[in-house]
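Biologist: Before I plan around this model, I would like to go through it with you piece by piece. Please take my questions in turn and show how you arrive at each answer.

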Amino acid sequence: MTTDHHHPAELAPVEARVAAIESVLVEKGIIDTDALDAIVQHFETNLGPMNGAKVVARAWTDPAYKERLLSDGTAAIKELGFEGPEGEYMVVVENTPKVHNLVVCTLCSCYPWPTLGLPPKWYKAPAYRSRAIREPRKLLAEMGTDIPADVEIRVQDSSAEARYLVLPMRPEGTDDMSEEQLAAIVTRDSMIGVQRL
Amino acid sequence: MTGAPLDDASLPRDNGELVFEAPWQARALALAVALVDKLDLPWEVFRLRLMAEIAKDPQRPYYESWGAALESMVVDLDLTTPAALDAAAPTERAPL
């Protein structure tokens with residue numbers, strides 16, 4: 001990173017290419033800069049794990065909602081106002097004392113944007129994508145999450161037909177918490193399945 | 001995992017982790033989303049290209065694959081040509 005403001009920095013090839021694509025599409029009137037700004041803004045402020053946390057907290061406090069969520073994830077999540085690209089084929093998988101779910105996309109980086117935002121860097125890394133399938137228990141342990149030997153790990157590989165969201169187990173000692181308080185303790189990693197709450 | 005620093009609210013952070021490492025990555029993402037939306041295409045059209053680019057070179061940085069997928073999409077949709085992109089590519093970033 002240069003701090004020299006007198007000389008423009010050279011662009012990396014991919015950065016120059018993306019800028020070229022943008023200028024060509026804008027020039028042709030296919031897209032406009034304001035629309036791009038609005039999309040970036042939307043990703044920065046509206047999408048993120050705080051949305052998924054609301055879904056989880058609702059499911060923990062409303063059994064009828066939980067039932068709808070597990071039978072038709074997309075529709076139940078839409079009830080709370082979360083929808084859009086990468087949110088069309090939502091499958092919510094429930095963690096239980098006997099089953100722990102782990103989400104991966106082995107082929108690229110499919111990830112439920114409306115409920116979790118954009119994926120963290122490690123989710124897109126080849127190491128995570130391959131090891132989640134090959135040795136999930138070891139991978140989870142290395143990420144600080146020890147899954148007891150008697151708990152089955154189910155690895156959910158995203159596809160064109162499914163974007164997964166893990167419904168973590170509600171932690172003990174949270175009986176007195178409100179839905180809003182519960183949402184605050186749900187982490188992104190717990191909804192990917194690399195963490196237990 | 002919790003309590004990650006949120007020291008700069010203006011940066012897109014996801015549990016304390018930067019989502020974009022550079023502004024062009026956000027532009028690349030927005031371009032793909034805007035284009036698919038504008039042309040009323042399913043997101044799958046872009047996703048398949050991204051998968052193909054990642055498979056081609058699994059160790060390449062993620063957003064470089066994204067950029068390559070974006071280019072292949074706009075060229076195949078006849079929205080532009082590689083030559084036009086060469087001509088339009090800036091070589092320097094404007095001074096801040």
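Biologist: How many Å apart do the C-alpha centres of domain 1 of chain A and domain 2 of chain A lie?

Modeller: This is a predicted model, and chain A is divided in it into domain 1, covering 13-45, and domain 2, covering 49-192. Between the C-alpha centres of these two domains of chain A, the separation is 31 Å.

Biologist: Where does the largest nonpolar core lie with respect to domain 1 and domain 2 of chain A, and why?

Modeller: The largest nonpolar core has 72 residues, and those that touch the most other members are A:Val56, B:Ala28, B:Leu31 and B:Leu70. Helix α1 (residues 23-38) of chain B gives the most to this core, with 10 residues. Because domain 1 (13-45) and domain 2 (49-192) of chain A both give residues to this core, its place is between them.

Biologist: Which residues does A:Val56 touch, leaving out those up to four places away in sequence?

Modeller: A:Val56 is one of the residues that touch the most other members of the largest nonpolar core. Not counting residues up to four places away in sequence, the contacts of A:Val56 are A:Leu167, A:Pro168, A:Val186 and A:Met191.

Biologist: Which element gives the largest share of the side of chain A that touches chain B?

Modeller: In total, 44 residues of chain A are in contact with 45 residues of chain B. The elements of chain A that give two or more residues to this side are α1 (13-27), α2 (33-45), α7 (121-124) and α11 (188-192). By class, the side of chain A that touches chain B holds 26 nonpolar, 7 polar and 11 charged residues. Its largest share, 12 residues, comes from α1(A).

Biologist: Is A:Leu140 buried or exposed?

Modeller: A:Leu140 sits in helix α9 (residues 136-142) of chain A, and beyond residues up to four places away in sequence it touches A:Leu102, A:Thr145, A:Ile147 and A:Val194. A residue is counted as buried when 20 or more other C-beta atoms lie within 10 Å of its own. Since A:Leu140 has 21 other C-beta atoms within 10 Å, A:Leu140 is buried.

Biologist: Which residue in β3(A) is the bridge partner of A:Val99?

Modeller: Strand β2 (residues 99-104) of chain A is mostly covered, with 5 of its 6 residues buried. This strand, β2(A), runs parallel to strand β3 (residues 152-157) of chain A, and 6 bridges join the two. In β3(A), the residue bridged to A:Val99 is A:Glu152.

Methods: Residues are numbered from 1 along each chain as its sequence is written. Chains are lettered from A and ligands numbered from 1 in the order in which they are written. This is a predicted model: local features need pLDDT of at least 70, side-chain atom pairs count only at pLDDT 80 or more; totals for chains, interfaces and linings use all residues. Domain bounds come from an automatic or database domain assignment. Helices (H or I, at least four residues) and strands (E, at least two) are DSSP runs, numbered from the N terminus. A residue is buried if 20 or more other C-beta atoms lie within 10 Å of its own, exposed if 12 or fewer, and partly exposed in between; C-beta atoms are placed from the backbone. Two residues are in contact if their C-beta atoms, placed from the backbone, lie within 7 Å. A nonpolar core is a set of buried Ala, Val, Leu, Ile, Met, Phe, Trp, Tyr and Cys residues joined through C-beta atoms within 7 Å. Two strands pair if DSSP finds at least two bridges between them. Ala, Val, Leu, Ile, Met, Phe, Trp, Tyr, Cys and Pro count as nonpolar, Asp, Glu, Lys and Arg as charged, and the others, Gly among them, as polar.
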